Amino acid sequence: MSEPEAIHLHQFDDPVQQHEASWLGMWVFLGTEVMFFGGMFLGYTFYRTAYPQGFASASNHLDIWLGTINTAVLICSSFTMALAVRAGQIGQNRLVKIFLCLTIVLGIVFLGIKFTEYYQKFEEHLVPGSDFRFEGAFVSSAEIFFSFYFAMTGIHALHMIIGIGLLATLIVKTARGRFSATYNTPIELVGLYWHFVDIVWIFLFPLLYLVGRHLE
Amino acid sequence: MNDSVPERRLHYLNASYGLKSWLLTTDHKRIAWLYLVSVTVFFFLGGFFATLLRLELLTPQGDLVQAETYNKLFTMHGVTMIFFFLIPSIPAVLGNFLIPLMIGARDLAFPRINLASWYLYIIGGLFTLTAAAAGGVDTGWTFYTPYSSIYSNSNVALTVIGIFVTGFSSILTGLNFIVTIHTMRAPGMTWFRLPLFVWSHYATSIIFILGTPVIAISLTLVALERLFGLGIFNPELGGDPLLFQHLFWFYSHPAVYIMILPGMGVISELIPCFSRKRIFGYNFVAFSSLAIAVLGFLVWGHHMFVSGQSIYAGMIFSFLSMLVAIPSAIKVFNWTATLYKGSVSLDAPMLYALGFIGLFTMGGLTGLFVAALGIDVHVHDTYFIIAHFHYIMVGSAVMAYLGGIHFWWPKMTGRRYPEVLARLSALIIFLGFNLTFFPQFILGYLGMPRRYHVYPPEFQALNVLSSAGASILAVGYVLPLIYLIWSLRYSPVAGINPWKARGLEWQTPSPPPTDNFEVTPIVVQPAYAYDEPDEPEVIYAPEKAAHV
Amino acid sequence: MSTSHVVSVKLYGAVFGILLLLTLSTTGIAFVDLGGDLNAVVAVAIAIVKGLFVILFFMHVRYSSRLTWLFVGAGFFWLMILFSLSMPDPLARGWLSPTGQ
């Protein structure tokens, strides 16, 4: 059963065209995000190539278990997100809300663990700046490593927060009956965004947490 | 505005009144006007900075401004002109206005995102204006680290935030264009019937999407370093200044293709119309736009030949930079071949187009000179480079913009413009431009460095010529500002197709109705069918009535 | 264009399981010295595989049009341009000085 508001906006000829445009639009946006994060990955690669030992040494100061758990948490959230999109496709609005809620909860768990890690780093004087302290010969490259750690995970966390906001908006709209089996594009598009943010973390995790574990 | 017609036809300008109807519009044509007014303001602001620069350079000594002030002036000139005028100009004004019309659509794919993109542009502009008012930035528009990230005492963070926000405006415009062109072409409007203006904007949008985010992250990292002390570019920690330069130029080189490709698209519309001939080699021109967009991403290291970059990397970039000239040359050959045996009329838009071809050729050829590693070692950071890029950005891009504004003015406003004044202005601009910038080639070759407010006395004569040219150029730019505004009230009403041009935008009234076409057209002719002026370009099927 | 293809819960579950498995493996392998730079290569390779699973199945790219594949591919292709033309600089710096020594 189609929902009461406009099935398609006036600039489009039909709902199929609208859906295709929306889908492509989100992929174009994700393309920009690939290049945005990609710039930081390039910087990381520059310095890891130049200072392999410093990076390995600094990386070992990160909590590998919190990192692994966080990776698993995000993967779970991608699973629940995919299930939410699927529920939307078959018009099961109750399931949509449940899976979106689970996704938000998992996202919040991720952010909670992340901020715990940030706080630990602050206490260990590993935040770049005038208070940075690092034992051993690699103090300078370690500070560069931690600059990337905070910049990359910080910007990633910002994207997660925005994602949680989008998910919350979706839950409200679902509750108001805006979506159905014939129109659920926003759920699909937020899903794409959420999965993308997950993929960024999939690459961040080994590059930040697993640099020098085999050298310990 | 338009009230000398007997009965009041409803169109996009009079469909609603009041500030809110403009500031909250989602009509791509109105948004184009919002951009037109804003970019014009920034153009004259950038011109004001340039005026001060050229006044200082009248004499070898630093007598008008101090060195630091001079540094701030050329920085603000570059930032304003590049990010707030050149990059948005043709795409956000002419592209926004024309693309839906040219493909037979009612609007772009995402009208609200289109409006958001203008607001982002304005917010970014306000950040940058605030930085200017607070004392400016002195790093050069290139923001090289570690000066920008650590040592400069000027308003770097404010400015880079402004550029970041405006960059988002570009990204959203590019996103809108790509999706629109893929999904909203009218029936019969196949890819190879598209006007080349649309092809050039598609290519430009590729650069918007894939390049802009990289400057966004580079400037973000600079801001994070300045504001939070992150040590990414800090040489005391082992930071590499070249990392910033790679990230910066990865965007900023393709950015110059953002600034020229739309202009090339305009020229591809003007030349056939004012030669009454089909464009020569349509496919070549279309593919060359894509080639420029792609190849343009492979050459950025030619800005870093003397920066300490690996010589081998330099050689690779030098070779690739030669390659990117090829598609541009193909366009010049095709435009010239279109002129051959054409029935050429020298209306103002055509004067701009012809000026473009000549000046772009000079700018492009000098680009090849500096692409050669050996030559660039000598002319890098001299006035030779400044002359080279101004031949492209001013001699070509700005002239294409003005040519396009004049050509589509009747469509946008329903009015003609004073033709004699327009031709005169075009000539003044052409002469003023050459007098300003040709001496700079010589100055650079003789060794005068850029970004210096003082110079050896033997360079004064050429500098005086250049500044004199700049004053003539300024007159040339002010004239259209005056007569175009004047024309809105006093010029004759334009008909539906005053130029007898081909293209869907000329199949709908001037100014167009809000939904562009009363009925969705079906395209039955290839583009530029000037050799078959009596053949209809479109047909209408009654059941394909436009949605209201 | 995404199809309205509905993926089964079972398939999603299987992908989810594979992703968790790969996560545990990558952490586990990190402690084993594979020699030279192989640890980094393996870690990135596993990440690429995980990413592909997410893209193809969770993001429905497996069931999408060729145009979608073009758009997805373009993003990563451009990232490769950034890497492949930037990295030669730091890697080859100092091999040849400007004066030819």
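## Around B:Ile271

Set aside the residues within four places in sequence, and B:Ile271 is in contact with B:Ile279, B:Trp335, B:Thr338, B:Leu339 and B:Ala353. This is a predicted model, and that set of neighbours is a handy way into chain B. B:Ile271 itself sits in helix α8 of chain B. One of its partners, B:Leu339, comes 68 residues away along the chain, yet the two C-alpha atoms are separated by just 7.1 Å.

Is B:Ile271 buried or exposed? It is buried, because 28 other C-beta atoms lie within 10 Å and the cut-off for burial is 20 or more.

## The largest nonpolar core

The largest nonpolar core has 269 residues, and the members that touch the most others are B:Ile103 and B:Val160. Helix α3 of chain B, residues 67-103, supplies the largest share of this core, at 22 residues. Chain C is in on it too: domain 1 (1-63) and domain 2 (65-94) of that chain both give residues to the core, so the core lies between them.

What does B:Val160 touch once its neighbours within four places in sequence are left aside? The answer is B:Phe143, B:Leu219, B:Val222 and B:Ala223.

## Chain A and its helices

Chain A is a helical affair, with six helices and zero strands. Read from the N terminus, its elements go α-α-α-α-α-α. The C-alpha trace spans about 65 × 30 × 30 Å along its principal axes. Of the 216 residues in chain A, 54% are buried. As for contacts with a separation of 6 or more, 77% of those in chain A are between residues 24 or more positions apart.

One helix pair in chain A is worth a look. Helix α2 (residues 52-59) packs on helix α5 (residues 139-175) at an angle of about 60°, and their axes are 8 Å apart. That angle makes α2(A) oblique to α5(A), because roughly perpendicular would take 65 to 115 degrees. As for handedness, the crossing of α2(A) and α5(A) is right-handed. On the α2(A) side, the contact is made by A:Gly54, A:Phe55, A:Ser57, A:Ala58 and A:Ser59. The α5(A) side brings A:Ser141, A:Ala142, A:Phe145 and A:Phe146.

## Where chain B meets chain A

How many residues of chain B are in contact with chain A? There are 33 of them, and they meet 30 residues of chain A. On the chain B side, α6 (156-183), α7 (196-228) and α8 (241-275) each supply at least two residues. The biggest giver on that side is α7(B), with nine residues.

Two names from earlier turn up in these helices again. α8 of chain B, one of the helices supplying that side, is also the helix that holds B:Ile271.

## Backbone oddities in chain B

Chain B has a couple of cis peptide bonds to check by eye. The bond from B:Thr145 to B:Pro146 is cis, with omega near -5°. B:Pro146 falls in the loop between α4 (111-133) and α5 (147-151) of chain B. Further along, the bond from B:Ser510 to B:Pro511 is cis as well, with omega near -10°. B:Pro511 belongs to the loop between α15 (460-490) and β1 (522-523) of chain B.

Then there is B:Arg276, which is not a glycine but has a positive phi of about 50°. Its place is the loop between α8 and α9 (282-295) of chain B. B:Arg276 counts as partly exposed because 15 other C-beta atoms lie within 10 Å, and that label covers the range between the cut-offs of 12 or fewer for exposed and 20 or more for buried.

## Chain C

The domain assignment splits chain C into domain 1 (1-63) and domain 2 (65-94). The C-alpha centres of these two domains lie 21 Å apart.

Chain C has a positive phi of its own: C:His60, not a glycine, comes out at about 65°. Where does C:His60 lie? It is in the loop between α2 (38-58) and α3 (66-86) of chain C. With 24 C-beta neighbours inside 10 Å, C:His60 counts as buried.

Note on methods. Residues numbered from 1 in each chain as written. Chains lettered and ligands numbered in written order. Predicted model: local features only at pLDDT ≥ 70, side-chain atom pairs only at ≥ 80, totals over all residues. Domains from an automatic or database assignment. Core = buried A, V, L, I, M, F, W, Y, C linked by C-beta atoms within 7 Å. Helix = DSSP H or I, 4+ residues; strand = E, 2+ residues; numbered from the N terminus. Contact = placed C-beta atoms within 7 Å. Axes fitted to C-alpha atoms, helices over the stretch in contact; angles between N-to-C directions. Parallel < 35°, antiparallel > 145°, perpendicular 65-115°, else oblique. Left-handed = near helix turned anticlockwise from the far one by under 90°.
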